[in-house]
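Student: I'd like a close look at a single part of this structure, please. Take me through it slowly, and explain the terms as you go.

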Amino acid sequence: MADVGPARVILWGTPRCLSTAFLKAMTHVDDSIVWHEPYLYARRLGTDGADREKFRIMAEQGMKAKGVGGNFDAIIGMAKMLPFGYVGSEVSYQWVKEQLQADAPGKKLIFNKDMVEGIVDKYDAIPEGFRHVFLLRHPLKVLPSFKRMISSHPMMENVDLRKIPGTGLMPAGYFYKELDDLYEYLKDSKPIVICTDDLQKNPEGVMKAYCKEIGIQYTEKILNWTDDGDAIMQKWMIAKESAMMLSSTTIHKNAFGSTGFGEPSELPDKAEMDEDIVEVVDKCMPYYEKMHKDRLQVE
């Protein structure tokens, strides 16, 4: 029988949607190559990235606040010293596409976890031959967590979510419109939608169904894994700059230290949310509800 090559999958998501835990699970698939957000960092760092200058300013301000210097070129220079990863500031969208499409003899899975804002206005850079998966988490769980995360940045103290689209941290449609736009664009390729609540309530059932859909063998290793801390990044194809910044923050501490998908959190009380979160959640809900109807369902 002819070798049909590895399964090729891109997982698209929003911030704070368990995508890093999902990536960690896929890292434990034998004979796999896993990528960490190459499109997001092509946008933020790459030679043709739309948010390159905005991200430069944000990174410099953040590093200054932590007392570890503030020159972006110096930050890149330090990142280049890491013994793993690629230099994100030297690559283009075309490079990412070509790398993902490249032959991978002996591999069973090519998996890329990415953020939807990384591909906005760049659909021509989507590689051929991939199955697309959308990881969908309720806006009332994502947006408060996202706000807390970015509020730690000195430029984002007392941040109002309604005012940050255009800063390079959030797209105009607050992530969910962009997620739905991409979903509709890829509809003919039969994308898979996975609800994070379903995944956490029934991880075995959802992951078995997911593995069957993408054509890889399910094993217990993708449900229960070791706490590798940020050393897990050494197993990924990741921008060196991203790896250095993630190592210097606690943003992904829970995901890096996880040993499984965990239990789903309770849905927050909307009445207790800040006004900006409530308004943005209301704008996102129609897109979330529309995609949620198409989610992978397991008996």
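Tutor: Let's begin with a word we will need often: a residue is buried if its relative accessible area is under 20%, exposed if it is over 50%, and partly exposed in between, using a 1.4 Å probe and protein chains only. Strands (E, at least two residues) and helices (H or I, at least four) are DSSP runs, numbered from the N terminus. What you see is a predicted model, in which local features need pLDDT of at least 70 and side-chain atom pairs count only at pLDDT 80 or more, while totals for chains, interfaces and linings use all residues. Residues are numbered from 1 along each chain as its sequence is written, and side-chain values use heavy atoms, leaving out hydrogens and water.

Our part is strand β4, residues 131–136. Since 6 of its 6 residues are buried, β4 is largely enclosed by the rest of the structure. Its side chains go two ways: Arg 131, Val 133 and Leu 135 point to one side, while His 132, Phe 134 and Leu 136 point to the other, and all of them are buried.

Now for the neighbours of β4. Two strands pair if DSSP finds at least two bridges between them. With parallel pairing, an open sheet of 6 strands runs in the order β5-β4-β1-β3-β2-β6. β5 and β6 (237–238) are the edge strands, each pairing on one side only. On one side, β4 pairs with strand β1 (residues 7–13) in the parallel sense over 4 bridges, and there Trp 12 has Phe 134 of β4 as its bridge partner. β4 also pairs in the parallel sense with strand β5 (residues 192–195), again over 4 bridges. In that pairing, Phe 134 is matched with Val 193 of β5, and Leu 135 stands opposite Ile 194.

Next, let's see what covers the strand. Axes are lines fitted to C-alpha atoms, for helices over the stretch in contact, and angles between N-to-C directions run from 0 to 180 degrees. Contact means heavy atoms within 4.5 Å. Helix α7 (residues 176–185) lies across β1, β4 and β5, at about 155 degrees to β4. Helix α12 (residues 275–292) lies across β4 and β5, at about 125 degrees to β4. Within α7, the residues Tyr 176, Glu 178, Leu 179, Asp 180, Leu 182 and Tyr 183 are buried. Their cover includes β4, together with β1, α6 (139–151), β5 and α12.

Zoom in on Leu 136, which lies in β4. This leucine has a relative accessible area of 0%, so it is buried. Leaving aside residues up to four places away in sequence, Leu 136 touches Tyr 176, Leu 179, Val 193, Ile 194, Cys 195, Thr 196, Tyr 288, Met 291 and His 292. By contrast, Leu 136 and Ile 110 are 26 residues apart in sequence and 21 Å apart in space, C-alpha to C-alpha.

One of those contacts, Cys 195, raises a further point. A disulfide is a covalent bond between the sulfur atoms of two cysteines. It is counted here when a pair of cysteine sulfur atoms is within 2.5 Å. By this rule there are 0 disulfides. Cys 195 is in none, and the nearest cysteine sulfur, that of Cys 17, is 11 Å away. At 3% relative accessibility, Cys 195 counts as buried. Cys 284 is in no disulfide either, with the nearest cysteine sulfur, also that of Cys 17, 13 Å away. Cys 284 is buried too, at a relative accessible area of 0%.

Finally, look further along the sheet, to strand β3 (residues 109–115), where 7 of the 7 residues are buried, so this strand is also largely enclosed by the rest of the structure. Leu 109, Phe 111, Lys 113 and Met 115 point one way from β3, and Ile 110, Asn 112 and Asp 114 the other way. β3 pairs in the parallel sense with β1 over 7 bridges, and Leu 11 stands opposite Lys 113. Strand β2 (residues 32–36) runs parallel to β3 and is joined to it by 5 bridges, with His 36 having Lys 113 as its bridge partner.
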